[in-house]
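Student: Please pick a single part of this model and give me a close look at it, from its own geometry out to its surroundings. I would like one connected account.

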Amino acid sequence: MAAADGETVALRTEVAALRLRVLELERENQRLAQIASSCSCSAKEDTVTPSPVASASLYGCDQELHKGKQHESRTSEHGANLPFDHMAISTEKEVLCNSDGGGHSDAPKIKRSHAKRTGHQVGTVSHCQKRLVALKIMYFGQRFYGFASEAQTEPTIESEVFKALERARLLVSSRKESCYSRCGRTDKGVSATGQVISLYLRSNMRDAGGNVLDERSEIDYVRVLNKILPRDIRVIGWCPVAADFLARFSCLGREYKYLFWKGGLDTSKMQKAASKFIGEHDFRNFCKMDAVNVSNYKRRITDFDISAYDQRSSDDELWAMTIKGSAFLWHQVRCMVAVLFLIGQGLESTFVVDSLLDITKTPRKPQYTMAPELPLILRSCLFDKVSFMCSSDARQALIEHFKDEYHQYMLQAAIYYEALSCLSSPEPNPYESHQKKRNHIPLMSRQMEPSYEERTSKVKAKSTVLK
């Protein structure tokens with residue numbers, strides 16, 4: 001009994017000693033925070049003695065933190081004093097490394113108050129080395145309201161990417177000051193396997209004039225961001241780019257792919273009509289016109305191919321339209337596809353494409369419904385001297401992730417197939433196609449939308465009234 005009492009007293013003494021040590025470290029933490037808030041970047045590096053965690057580069061940050069947590073656990077078990085580098089030092093050097101937001105529970109409060117004092121944005125680290133980086137992004141757009149976040153509708157892919165960048169402490173300034181640019185602005189429901197954005201991000205480079213091609217010690221942007229991003233968004237590569245690079249204007253070409261089930265479509269007629277799009281044309285009748293921001297509707301299509309895809313169901317075959325061009329207008333791909341579907345169904349002639357591309361003959365766009373958004377994919381974006389890289393660890397994680405997602409969707413497809421097998425197929429209706437043709441109103445006979453000139457004159461009249 002006496003021995004048990006002795007052990008209890010010893011444990012209480014040990015706990016009291018640890019509490020005293022924690023108080024000492026918290027006081028030291030506050031002292032360092034005051035120093036950090038009142039000095040310049042160079043003075044901070046000279047004056048503040050960083051902890052092992054604070055001075056670690058990001059690519060090794062997780063390993064340092066992992067070792068620290070193991071060491072903390074061991075020393076706590078043996079009653080030793082807590083090591084200094086496990087406290088949440090509220091200098092911005094600590095914020096650099098601690099991308100996972102771990103540490104002491106008071107750390108977020110300290111970081112927020114420090115950001116308020118110095119005028120820094122939460123989630124940005126403005127004093128560190130930075131470099132202009134292009135990120136290649138893959139996403140599945142079913143649940144998103146498009147890529148761009150300007151419409152104030154959530155969620156968007158862009159907003160999720162910036163949340164991840166902020167959590168990882170990779171942003172060095174605001175979005176505008178980071179020279180942010182996106183290559184494509186995909187609509188709600190559209191997916192991408194090769195979207196590209198560019199912006200300044202935090203870097204481990206010590207010498208701005210150093211060899212930018214030596215990336216062995218650089219932050220593993222792909223691995224860091226994919227740990228934070230939702231499962232339907234993944235960064236699949238990154239590349240350092242020149243100071244004048246902008247993802248939107250530096251892009252030499254874009255490739256879209258539109259998937260569809262062949263069914264009864266006449267794909268040879270569709271291909272014949274699609275070939276008419278190749279070259280430079282005025283596509284104002286194949287887009288959603290934005291007369292306020294766009295005055296030039298000429299775009300160049302370099303290739304338009306319609307071919308069988310490597311997949312089929314028991315009674316149908318999956319096909320794909322592959323469209324390549326320098327740039328595209330708002331909804332241009334979906335409008336072109338919609339007209340090709342009408343041709344494939346035998347509802348329109350291939351010559352309707354000629355009529356719609358001739359803006360002197362057809363200055364106004366006939367009203368028609370765009371093709372659905374879900375089968376559309378931004379396949380790739382082409383740049384000069386941009387080669388995206390990905391570490392072997394990050395690549396392996398991506399492969400495992402997509403395998404897992406693919407298997408989950410295949411299981412879901414198998415369940416739907418099982419449901420279909422429980423139902424008897426209806427008898428084909430020989431009059432259905434004839435009825436459809438009879439109800440179809442030819443495109444050139446439909447009600448027309450206002451022309452570009454009519455839209456611009458209306459905008460000018462409105463602005464005159466407001467003045």
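Tutor: A helix's expected span is 1.5 Å times one less than its number of residues. Helices here are DSSP runs of H or I with at least four residues, strands are E runs of at least two, and both are numbered from the N terminus. The model is predicted, with local features needing pLDDT of at least 70 and side-chain atom pairs 80 or more, while totals for chains, interfaces and linings use all residues. Residues are numbered from 1 along each chain as its sequence is written, and side-chain values use heavy atoms, without hydrogens or water.

Let's make H11 our part, with H9 as a warm-up. Helix H9 covers residues 332-344, and its 13 residues should span 18 Å; the end C-alpha atoms are 18 Å apart, so the two values agree. Because 13 of the 13 residues of H9 are buried, this helix is largely enclosed by the rest of the structure; buried means under 20% relative accessible area with a 1.4 Å probe, counting protein chains only. After H9 comes Gly346, with a positive phi near 80°.

Now to H11 itself, which takes in residues 392-421. Its 30 residues should span 44 Å, and the separation of its end C-alpha atoms, 43 Å, agrees with that. Ala394, Leu398, His401 and Glu405 are buried residues of H11. An α-helix has 3.6 residues a turn, so residues three or four places apart point the same way. The cover over the buried residues of H11 includes helix H7 (221-226) and strand S4 (233-240).

H11 also takes part in the largest pocket, whose volume is about 1900 Å³. A pocket is an open set of points on a 1 Å grid, with protein on both sides within 12 Å along at least five of seven lines, and its lining residues have an atom within 4 Å of a point. Of the 40 residues lining the largest pocket, Leu259, Gln311, Leu318, Tyr406 and Tyr409 lie nearest its centre. Strands S1 (130-139), S3 (191-202), S5 (253-261), S7 (298-312) and S9 (376-382), together with H11, are the elements that give two or more residues to this lining. H11 contributes the most, with 12 residues.

It helps to place this helix in the whole chain, which has 13 helices and nine strands. Of its 467 residues, 44% are buried. Contacts (heavy atoms within 4.5 Å) often reach far along the sequence: among those between residues at least 6 apart, 77% join residues at least 24 apart.

Thr186 gives an example from the loop between strand S2 (181-182) and S3. Its relative accessible area is 6%, so Thr186 is buried. Beyond four places in sequence, Thr186 is in contact with Tyr139, Gly146, Phe147 and Leu378. Its C-alpha atom is 8.9 Å from that of Gly141, 45 residues away along the chain. Glu158, in helix H6 (residues 157-167), is buried too, because its relative accessibility is 1%. The residues touched by Glu158, again beyond four places, include Phe147, Arg175 and Arg182.

Finally, a word on confidence. The chain's mean pLDDT (the predictor's confidence in each residue, from 0 to 100) is 80, and 74% of residues reach 70 or more. Residues 40-120 have pLDDT below 50, and in the model this stretch has 112 contacts beyond near neighbours in sequence. Residues 208-213 are also below 50, with four such contacts.

Terms used. Buried < 20%, exposed > 50% of the residue type's maximum accessible area, 1.4 Å probe, protein only. 1 Å grid on protein atoms, 1.4 Å probe; cavity = no way out; pocket = protein on both sides within 12 Å on 5 of 7 lines; lining within 4 Å. Points joined across faces, edges and corners; volume = space filled by probe spheres on them.
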